[in-house]
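Colleague: I have just opened this model and would like to take a close look at a single part of it. Could you walk me through that part and then show me how its surroundings fit together?

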Amino acid sequence: MNSFLFGTYPYIAITVMVLGSILRYERDPFTWKSSSSQLLRRRQFVIGSVLFHVGVLVILGGHLVGLLTPIAVFDALGIGHGAKQVLAMAAGGIAGLMALAGGAILLHRRLTDPRIRANSTLADTGILALLMLQLLLGLGTIFVSAGHLDGHEMVKFMDWAQAVAYFGPDPAAHLADVAWIFKAHILLGLTIFLLFPFTRLVHMLSAPLRYLWRPGYQIVRSKRGARQGVGLSPLPRDLAAREALARRVAAQDLARQRPESLPRTAE
């Protein structure tokens with residue numbers, strides 16, 4: 001079971017995430033959005049969204065750099081395993097608390113506000129709840145890591161992640177004897193990868209970088225085709241005059257749409 005969960009399941013989750021995201025973008029591009037609830041209620045949204053997104057981005061960046069950078073690079077830079085672990089615990093703890101606080105605010109809005117709840121799907125609420133559970137597990141690993149600050153345990157996770165990413169032999173062997181909370185944290189993270197294409201998380205892949213260099217736009221209203229003598233002109237007070245104006249406007253519209261309907265004059 002250990003071999004399947006940490007040796008085979010990672011490739012299943014990553015494959016579904018990549019291929020599923022491509023298929024969704026090609027087949028249902030209009031569902032590729034964040035589905036923000038800011039328009040429904042702005043209160044609490046800004047602070048919750050900022051805390052959550054900043055915390056999650058820091059955590060993702062730290063995981064990618066910390067797990068996928070070859071150990072030889074850290075050795076060459078003179079960064080010891082113990083120092084790397086303490087840095088990961090400190091930075092990850094602060095970012096995790098930020099994301100947890102922001103996520104709690106967003107989840108509270110989604111569950112307690114009737115308008116937001118009515119416009120939310122099971123996937124919207126479910127993926128946010130899973131992310132909150134993942135944050136709690138990640139913060140829980142800090143207390144376990146504090147019991148061995150030599151960094152030896154963290155090297156196991158680096159070896160496992162790099163064996164998966166670089167197709168090394170038997171990745172699961174590196175996690176055979178680690179604490180259960182680390183295994184739960186990894187398995188839930190892989191499950192979130194698996195669910196990624198079917199949730200709003202896909203908007204993470206659509207950072208609006210093109211806005212930085214796109215040309216400016218200016219909206220211009222053309223007067224071409226505008227009707228003369230009507231619009232902002234005051235309507236006549238007399239009912240007969242209003243009816244005559246309405247007939248004249250209708251005739252102008254008909255002439256513009258169907259010129260052949262105009263009476264022909266004798267040549």
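**A close look at Gln162**

Modeller: Happy to! Let's start with Gln162, whose place is in helix α7, residues 152-165. Please keep in mind that this is a predicted model. Is Gln162 buried or exposed? Its relative accessibility is 13%, which is under the 20% cut-off, so Gln162 counts as buried.

What does Gln162 touch, once its neighbours within four places in sequence are left aside? The partners are Leu67, Leu68, Thr69, Pro70, Ile71 and Phe167. For Leu67 we also have a C-alpha separation: the C-alpha atoms of Gln162 and Leu67 are 7.0 Å apart, although the two positions lie 95 residues apart along the chain count. Long-range pairs matter for the chain as a whole too, in the plain sense of numbers: among contacts with a separation of 6 or more, 77% join residues 24 or more positions apart.

Now follow one of those partners, Phe167. Phe167 sits in the loop between α7 and α8, the latter being residues 180-195. Whereas Gln162 counts as buried, Phe167 has 65% relative accessibility and therefore counts as exposed. Its backbone deserves a glance as well: phi of Phe167 is near 55°, a positive value in a residue other than glycine. Most residues other than glycine have a negative phi. The loop between α7 and α8 also holds Asp170, where phi is positive again, at about 50°, and the residue is not a glycine. Asp170 has a relative accessible area of 47%, so this residue is partly exposed.

Going back through the other partners leads us towards α2. Helix α2 spans residues 45-68, and its axis comes within 7 Å of the axis of helix α4, residues 81-112, with a crossing of roughly 150°. The two helices are therefore roughly antiparallel to each other, and their crossing is left-handed. By class, the contact of α2 with α4 has 14 nonpolar, 7 polar and 2 charged residues. On the α2 side the residues include Phe45, Leu51, Phe52, Val56 and Ile59, and on the α4 side they include Lys84, Met98, Ile105, Leu106 and Arg109. Several glycines take part too, among them Gly48, Gly55 and Gly66 in α2 and Gly96, Gly102 and Gly103 in α4.

From α4 we can step on to α6. The axes of α4 and α6 are 9 Å apart and the helices pack at an angle of about 150°, so α4 and α6 are roughly antiparallel to each other. Their crossing is left-handed, and by class this contact has 14 nonpolar, 7 polar and 2 charged residues.

One residue in α6 makes a good last stop: Thr141, in the helix that covers residues 122-145. With a relative accessibility of 10%, Thr141 counts as buried. Apart from neighbours within four places in sequence, Thr141 is in contact with Ile181, Phe182 and His185.

To place all this in the whole chain, there are 9 helices and 0 strands. Buried residues make up 32% of the 267 residues, and the accessible surface comes to about 17,800 Å², with 67% of that belonging to carbon and sulfur atoms.

Conventions: Residues are numbered from 1 along each chain as its sequence is written. This is a predicted model: local features need pLDDT of at least 70, side-chain atom pairs count only at pLDDT 80 or more; totals for chains, interfaces and linings use all residues. Side-chain values use heavy atoms; hydrogens and water are left out. Helices (H or I, at least four residues) and strands (E, at least two) are DSSP runs, numbered from the N terminus. Buried means under 20% relative accessible area, exposed over 50%, partly exposed in between (1.4 Å probe, protein chains only). Contact means heavy atoms within 4.5 Å. Accessible areas come from the Shrake-Rupley method with a 1.4 Å probe; for residues, only the protein chains shown count as cover. Axes are lines fitted to C-alpha atoms, for helices over the stretch in contact, and angles run from 0 to 180 degrees between N-to-C directions. Angles under 35 degrees count as roughly parallel, over 145 as roughly antiparallel, 65 to 115 as roughly perpendicular and the rest as oblique. A crossing is left-handed if the near helix is turned anticlockwise from the far one by less than a right angle, and right-handed if clockwise. Ala, Val, Leu, Ile, Met, Phe, Trp, Tyr, Cys and Pro count as nonpolar, Asp, Glu, Lys and Arg as charged, and the others, Gly among them, as polar.
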